[in-house]
Amino acid sequence: PQEADGTLDCISMALTCTFNRWGTLLAVGCNDGRIVIWDFLTRGIAKIISAHIHPVCSLCWSRDGHKLVSASTDNIVSQWDVLSGDCDQRFRFPSPILKVQYHPRDQNRVLVCPMKSAPVMLTLSDSKHVVLPVDDDSDLNVVASFDRRGEYIYTGNAKGKILVLKTDTQDLVASFRVTTGTSNTTAIKSIEFARKGSCFLINTADRIIRVYDGREILTCGRDGEPEPMQKLQDLVNRTPWKKCCFSGDGEYIVAGSARQHALYIWEKSIGNLVKILHGTRGELLLDVAWHPVRPIIASISSGVVSIWAQNQVENWSAFAPDFKELDENVEYEERESEFDIEDEDKSEPEQTGADAAEDEEVDVTSVDPIAAFCSSDEELEDSKALLYLPIAPEVEDPEENPYGPPPDAVPSSLTDEGIGSEKKRQSSSDGPQAPKKKPKTTNIELQGVPNDEVHPLLGVKGDGKSKKKQAGRPKGSKGKDKDSPFKPKLYKGDRGALPLEGGAAKGKVQAELGQPLT
């Protein structure tokens, strides 16, 4: 990508974004708990799912694009059916979720990284969960990621230790420690895999991005000492990195600065910095995603998704093969035979490559699979894949909606649905909705996990890190706390401590209302 190519405005503040496997849809998680799905070809909103009540902090598409898994800052992980917008099931965790990720090949399994806890692998079909083993039980700041095919899970902790676990058995296959030159270790902030090839990158707290080859890690085995293929960093400004990812073909790496809206792009093979893209000054970057097939990057700052793409230059001279563009007038010299009716000197042309090929039959009916959409171990594209969302026409007068449920079918089950934490928070354009069955919610119990953790996005706790993040949140978010429609409002006056017990409450309310209660 060379330059900014417009923005996508989700109405509410965008916090995280992710492309589906083909780059046709972009899911954006917002501050008000909605998931906005953009059709990336038309750059229009294809669907809005009113997913959570609290901000959405992590999203992941399933392999076939039919499902989305999301996590919000109120510690809930949900799976969504993209076409219908319904919630399939929910999991409630004791601590905030930093990341959710589908197994790349088996969409029945989801990897969840809760804060201050070992990573958890959920099995959606039977709502069971497995807590992954960690290197050091005292250090539970663990990040984790499936490798490209999902055969292994890579986990990294705050002491720089990377463990490679077999996904099916959770056995330790390989491990190594990321060190900074000497024996000093550095905390691991994220692990990202390329979509093609076996490379992955590790973003660490020492502001260096290390690129490794997954095959080398596995051959080194336990406590190996693999050398990174590349070490990428900003030597001038010592920039810390907020989010890093590979390009669709795995040849480039983009990293978003944690200090400003700037994207640094390196070539993986050589390790040279190719381009720095600068966004608006004074904005802080929240997320970066590279399009799976095209040289397009989406980045989020100040609640808006910015698109970075290549500049398309129109070259009209390319249309006629014998057409030559002139910068200035040129005197033309005509050939001897130019205006002859028949050219006597002309030799018989032989049927060479191009002309001979014209007589061959061209197959115009069979569809070749697009190589970029297939994995290296697959011949064909996924026929059931969800590439695009159908757009429902906007009904002017929803009362006359012929497709809605018959009027007598609604009230019966609305009563029990009102209890659900989602409440009827559908957007008004959806018209009357058929009653939905309440999704199954599973509580995940994790041993020894503190319950009072605050998600780093919200950053309320008084540690230095979260203060920094809080300061960097765009101006709009201050207002969000004030009058966001989905925040439970406290009453005016000092009735914040509701409910008061018995008589005290009565007296207090009496004093406020200025009249005796009967």
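**Exercise 1.** In this predicted model, determine whether Phe200 is buried or exposed.

*Solution.* Phe200 has a relative accessible area of 0%. Buried means under 20%, so Phe200 is buried.

**Exercise 2.** Classify the aromatic pair of Tyr154 and Phe200, and locate each partner in the chain.

*Solution.* Start from the total: 10 aromatic pairs are counted in the model. In the pair of Tyr154 and Phe200, the centres are 4.9 Å apart and the planes meet at 55°. Stacked requires planes under 30 degrees apart and edge-to-face over 60; the pair is accordingly tilted. Next, place the residues: Tyr154 belongs to strand β15 (residues 152-156), while Phe200 belongs to strand β19 (residues 199-204). With their positions 46 residues apart, the pair links distant parts of the chain. Finally, consider accessibility: Tyr154 has a relative accessible area of 2% and is therefore buried.

**Exercise 3.** Classify the ring pair of Tyr264 and Trp266.

*Solution.* The ring centres of Tyr264 and Trp266 lie 6.2 Å apart, and their planes are at 20°. Pairing requires centres within 6.5 Å, and planes under 30 degrees apart count as stacked; the pair is therefore stacked. Both Tyr264 and Trp266 are buried.

**Exercise 4.** Which residues form one aromatic cluster with Tyr154?

*Solution.* The cluster consists of Tyr154, Phe176, Phe193, Phe200 and Tyr212. Its members Tyr154 and Phe200 are the tilted pair of Exercise 2.

**Exercise 5.** Which rings have the charged end of Lys166 or Arg43 over them?

*Solution.* Take Lys166 first: its charged end sits over the ring of Tyr152, 5.0 Å from the centre. Arg43 lies over the face of Phe40, at 5.1 Å from the ring centre.

Conventions. Residues are numbered from 1 along each chain as its sequence is written. This is a predicted model: local features need pLDDT of at least 70, side-chain atom pairs count only at pLDDT 80 or more; totals for chains, interfaces and linings use all residues. Side-chain values use heavy atoms; hydrogens and water are left out. Rings of Phe, Tyr and Trp (its six-membered ring) pair if their centres lie within 6.5 Å; planes under 30 degrees apart count as stacked, over 60 as edge-to-face and the rest as tilted. Helices (H or I, at least four residues) and strands (E, at least two) are DSSP runs, numbered from the N terminus. Buried means under 20% relative accessible area, exposed over 50%, partly exposed in between (1.4 Å probe, protein chains only). A charge sits over a ring if NZ of Lys or CZ of Arg is within 6 Å of the ring centre and within 35 degrees of the ring normal.
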